[in-house]
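Colleague: I am new to reading protein models. Please take me through one, feature by feature.

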Amino acid sequence: DVAVVKEWEYVEDMRDEQGRLKPVPAYVMVYEISGPMFFGAADKIPHMERDNGCRVLILRMRSVPAMDITALNGLYDECVRKNINVVFSHVNEQPMSVFRKSGMYDLVGAENFQPNIDVALERAISIGGMPV
């Protein structure tokens with residue numbers, strides 16, 4: 001278990017690696033995952049409280065070279081139970097293969113797999129807090 005999960009700091013605006021501002025709506029949580037993601041790694045993501053206003057969880061996976069699906073099954077199920085939409089950002093080749101083979105890609109929907117954080121944030125805004 002070597003995955004590192006880091007929640008973005010929430011201020012009015014966030015800066016990306018190039019210093020550009022990234023506005024994050026109040027109903028969106030963004031987590032950056034780094035390293036291989038295997039069983040139990042998703043437990044590092046705090047459980048969402050039903051009343052915290054979160055409607056969209058973005059998992060930024062650009063630094064995840066490999067994973068197994070057990071790492072995300074429980075987290076995704078919890079989000080569905082709490083009407084939280086999940087959007088995946090920058091999923092690399094091996095993790096994407098796992099999503100497709102497991103059927104989770106179809107379950108989550110192609111529209112919720114975005115190539116980068118900018119488009120993932122746009123998707124979160126377009127969801128606008130609507131339930132899953």
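Modeller: We start with the whole chain, then turn to a helix and some loop residues. This is a predicted model, where local features need pLDDT of at least 70, side-chain atom pairs count only at pLDDT 80 or more, and totals for chains, interfaces and linings use all residues. Residues are numbered from 1 along each chain as its sequence is written, and side-chain values use heavy atoms, with hydrogens and water left out.

Colleague: How many helices and strands does the protein have?

Modeller: Helices (H or I, at least four residues) and strands (E, at least two) are DSSP runs, numbered from the N terminus. Here there are four helices and seven strands. Their order from the N terminus is β-β-β-β-β-α-β-α-α-β-α.

Colleague: What share of the residues counts as buried?

Modeller: Buried means under 20% relative accessible area, exposed over 50%, and partly exposed in between (1.4 Å probe, protein chains only). Of the 132 residues, 46% are buried.

Colleague: And what do contacts tell me?

Modeller: A contact means heavy atoms within 4.5 Å. Take the contacts with a separation of 6 or more: 79% of them join residues 24 or more positions apart.

Colleague: Now a helix. Which residues of H2 are buried?

Modeller: First the general idea. An α-helix has 3.6 residues a turn, so residues three or four places apart point the same way. In H2, the buried residues are Pro95, Met96, Val98 and Phe99. They lie on the same side of H2 because they cover an arc of only 155 degrees around the axis. That arc is taken from the directions from the helix axis to the C-beta atoms.

Colleague: What is exposed on the other side of H2?

Modeller: Glu93 and Lys101 are exposed there.

Colleague: What do the buried residues of H2 pack against?

Modeller: Their partners are strand S5 (56-63), H1, S6, helix H3 (104-108) and strand S7 (113-114). After H2 comes Gly103, with a positive phi near 90 degrees.

Colleague: Which residue other than glycine in the loop between helix H1 and strand S6 should I look at for phi?

Modeller: Look at Asn83. Its phi is positive, about 55 degrees, although Asn83 is not a glycine. Asn83 sits in the loop between helix H1 (70-81) and strand S6 (85-89). Asn83 counts as partly exposed because its relative accessibility is 34%.

Colleague: Where does His90 lie?

Modeller: His90 is in the loop between S6 and helix H2 (93-102). Phi of His90 is positive too, near 55 degrees, and His90 is not a glycine. With a relative accessible area of 33%, His90 is partly exposed.
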